[in-house]
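Student: I would like to go through this structure with you and learn how each label is justified.

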Amino acid sequence: MEEIYIGKRANRISGAVSKIGYTLIIVVLIFIFWNGVNELSTSNIDKQETSLSEAIDRDIIQCYCLEGVYPPSLDYLEQHYGLIYDKELFFVDYRPIGANIYPDVTIIRIQGDAKKDL
């Protein structure tokens, strides 16, 4: 009878080990998937920031070429040149220096709880 008991116990142990192994594999696959999605999201936001910077520069230069002065505010670019961006994702600090001096533009990515402060 002891041999049967040992055999059953060995089966129980190997079954438990295989369940733990499968669980670890699933956890690792979920982690890899989550990490990949996170990287894609970060890459997408980086591209949006680059696109926003290029759009602002293009609109500022177009305004100067057409009107002879740099735009007085970011709202002016939005109203007259169609600038659109995600204000919940980016904060744009636009500081005009003078009518004939290129304005100081800073784009800040808003993350997490910082959205609540603005």
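Tutor: Let us begin with a polar contact in this predicted model: the side chain of Asp93 makes one with the side chain of Arg95, at 2.8 Å.

Student: What makes the pairing of Asp93 with Arg95 a polar contact?

Tutor: The term requires a pair of N or O atoms within 3.5 Å, one able to donate a hydrogen and the other to accept it. The Asp93 and Arg95 side chains come to 2.8 Å, so the distance satisfies the 3.5 Å limit.

Student: Where does Asp93 sit, and which residues does Asp93 touch beyond its neighbours within four places in sequence?

Tutor: Asp93 belongs to strand β1, residues 90-95, and, with those neighbours left aside, Asp93 is in contact with Asp104, Val105 and Thr106. Asp104 lies in strand β2, which covers residues 104-109, and on the same reckoning Asp104 is in contact with Asp93, Tyr94, Arg95 and Ile97.

Student: How far apart are Asp93 and Asp104 in sequence and in space?

Tutor: They are separated by 11 residues in sequence and by 7.9 Å in space, taken from C-alpha to C-alpha. Contact, by comparison, is judged on heavy atoms within 4.5 Å.

Student: Why is Asp104 called partly exposed?

Tutor: Its relative accessibility is 38%, and because buried means under 20% and exposed means over 50%, Asp104 counts as partly exposed.

Student: How many helices and strands does the protein have, and what pattern do they follow?

Tutor: There are three helices and two strands, which follow the pattern α-α-β-β-α along the sequence, while buried residues make up 19% of the 118 residues.

Notes:
Residues are numbered from 1 along each chain as its sequence is written. This is a predicted model: local features need pLDDT of at least 70, side-chain atom pairs count only at pLDDT 80 or more; totals for chains, interfaces and linings use all residues. Side-chain values use heavy atoms; hydrogens and water are left out. Buried means under 20% relative accessible area, exposed over 50%, partly exposed in between (1.4 Å probe, protein chains only).
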